[in-house]
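Here's a quick tour of the hollows in this protein, plus a look at one helix and a pair of cysteines. Have the model open while you read.

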Amino acid sequence: MTDYAKIDDYVNRLVAESTPEHTMWNLEVIRQGKKNKWNYIDGCMLTALLDMTRITGDSRYADFVELTGDFFVEEDGNIKTLQSDKANLDDINEGRILFELYQKTGKQKFRLAADRLRKQLDEQPRTVEGNFWHKAIYPNQVWLDGLYMAQPFYALYEKNFGTGDFSDIVKQFKTVREKMFSQEKGLYFHGYDASRVAFWSDPETGCSKNFWLRSIGWFSVALADLLEILPEGSQRDVLVPIFTELMGNLLNYQDEESGMYWQVPDQGGREGNYLETSGSAMLAYAMLKGARLGVLDEKFALAGEKTFHGIIDRYLTFTGNDLNLGGICLVAGLGPQDNRRRDGSYEYYISEPVVENDAKGVAPFLLAYTEIKRRQDFGK
């Protein structure tokens, strides 16, 4: 039986030993000897920490989020280290904490910072179909990752400070369903180039060659979060079938023994392929949350539980007070033009390093854990 107390102790230690400039979970930054920046990984972790406070009533988690917000956000709403000219959707994600911080503290700087990020979305380049470019260095490209990075923030802004118009958000998901979904496999391709000029893109469809688990995970988490954010009667019903269709299709690719999913999801068991932690944790979170929201049947909650415990059985080890989480793909992407190795091929996806304790795995694992805690009725 899983010792959840050990996971709790580990999370508490991560928070206790972290500062906004040196978070214990962002090992990529630590290894480089650099100071932390405003980034999407911390955004994912801080979102999970806010959930931990809601579930347990323990203010330590929310207090660290507030400490981070106060460190990065200046009085005029400027966000330290943010470079808006890069038009990087990744940088939007951490903005999700600003709404709760503003409500909790009443500090105007958090509202001003949210306004700045919203302005960045207003200025974000778009494809001919109207979808945000992933980054300025990836012209005309839509990546599944970017739907998670930007759209929940966008929806929270509309809900808290805007007019409540979610039509642009929903339209971008509809376009992704139209352009990036494989009818044959029931999965979404990692990337799409509307201009069809990227070396990795299909000249007819514009899509990349393969499916990457973590990108599908980010997309799934985005949908699950939006289904919680968007109120009834606000085009939320348009997103429901997109979400339920994907969740149903993913069950066909779940590893029967472990409950996890493969780095290249549709090629399980192929030489070099492996059961990957970060994407599996994201799908566990999405299925558990979808069931909690009443959008998915109970079987999906059970599937999510199986995935979560499969990760623990296969990749989670404890040594003293240390938790080691393995099976995490360090990074994967498409291009840019001067990086031909990142070509979206099967060989590319299995060639990226597999590491322990990287935040891109720890953060989704903690997100999934928040849903497990809700399901088990721990805390309040």
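How many nonpolar, polar and charged residues does the lining of the largest cavity have? Ten are nonpolar, with no polar and no charged residues in the lining. Keep in mind throughout that this is a predicted model.

## The largest cavity

The cavity with that lining has a volume of about 70 Å³. It's lined by Ile-7, Tyr-10, Val-11, Leu-14, Met-45, Leu-323, Leu-325, Val-362, Phe-365 and Leu-366. Three elements give two or more residues each to this lining: α1 (4-16), β4 (322-325) and α14. Of these, α1 gives the most, with four residues.

## A second cavity with another mix

The search turns up three cavities of 30 Å³ or more, and the second largest holds about 50 Å³ of space. Its lining splits into six nonpolar and six polar residues, with no charged ones. Both β1 (141-143) and α7 supply at least two residues here. Among the lining residues are Trp-133, His-134, Trp-143 and Gln-172.

## Helix α14

Helix α14 has already come up as part of the largest cavity's lining. The helix runs over residues 359-375, which makes 17 residues. From first C-alpha to last, α14 reaches 24 Å, close to the 24 Å expected at 1.5 Å a residue.

Most of α14 is covered, with 15 of its 17 residues buried. At the N-terminal end, Asp-358 acts as the cap: one of its side-chain oxygens sits 2.9 Å from the backbone nitrogen of Lys-360.

## The largest pocket

Now for the open hollows. The largest pocket has a volume of about 1100 Å³ and a lining of 35 residues. If you want to find its centre, look for Asn-39, Tyr-40, Asn-88, Asp-90 and Lys-135, which lie nearest to that point.

Elements giving two or more residues to this lining are α2 (27-32), α3 (40-56), α7 (144-160) and α9 (213-229). The largest share comes from α2, and that share is three residues. By class, the pocket lining has 14 nonpolar, nine polar and twelve charged residues.

## The second largest pocket

About 420 Å³ of space lies in the second largest pocket. It has 18 lining residues, and Arg-54, Arg-96, Glu-100, Leu-156 and Ile-229 are the closest to its centre. The lining divides into nine charged, six nonpolar and three polar residues.

Several helices take part: α3, α5 (97-105), α7, α9 and α11 (277-292) each supply at least two residues. You'll recognise α3, α7 and α9 from the list for the largest pocket.

## The cysteines

What about disulfides? Searching the whole structure gives zero of them. Cys-44 is in no disulfide, and the nearest cysteine sulfur, that of Cys-329, is 15 Å away. A disulfide would need the two sulfur atoms within 2.5 Å, so at 15 Å this pair doesn't qualify. Seen from the other side, Cys-329 is in no disulfide either, and its nearest cysteine sulfur is that of Cys-44.

Are these two cysteines buried or exposed? Cys-44 counts as buried because its relative accessibility is 0%. Cys-329 is buried too, with a relative accessible area of 0%.

Conventions. Residues are numbered from 1 along each chain as its sequence is written. This is a predicted model: local features need pLDDT of at least 70, side-chain atom pairs count only at pLDDT 80 or more; totals for chains, interfaces and linings use all residues. Side-chain values use heavy atoms; hydrogens and water are left out. Buried means under 20% relative accessible area, exposed over 50%, partly exposed in between (1.4 Å probe, protein chains only). On a 1 Å grid over the protein atoms alone, a cavity is a set of points where a 1.4 Å probe fits but cannot get out, and a pocket is an open set with protein on both sides within 12 Å along at least five of seven lines; lining residues have an atom within 4 Å of a point. Grid points are joined across faces, edges and corners, and a volume is the space filled by probe spheres set on the points. Ala, Val, Leu, Ile, Met, Phe, Trp, Tyr, Cys and Pro count as nonpolar, Asp, Glu, Lys and Arg as charged, and the others, Gly among them, as polar. The expected span of a helix is 1.5 Å times one less than its number of residues. A polar contact is a pair of N or O atoms within 3.5 Å; within protein, one must be able to donate a hydrogen and the other to accept it, and residues adjacent in sequence count only if both atoms are side-chain atoms.
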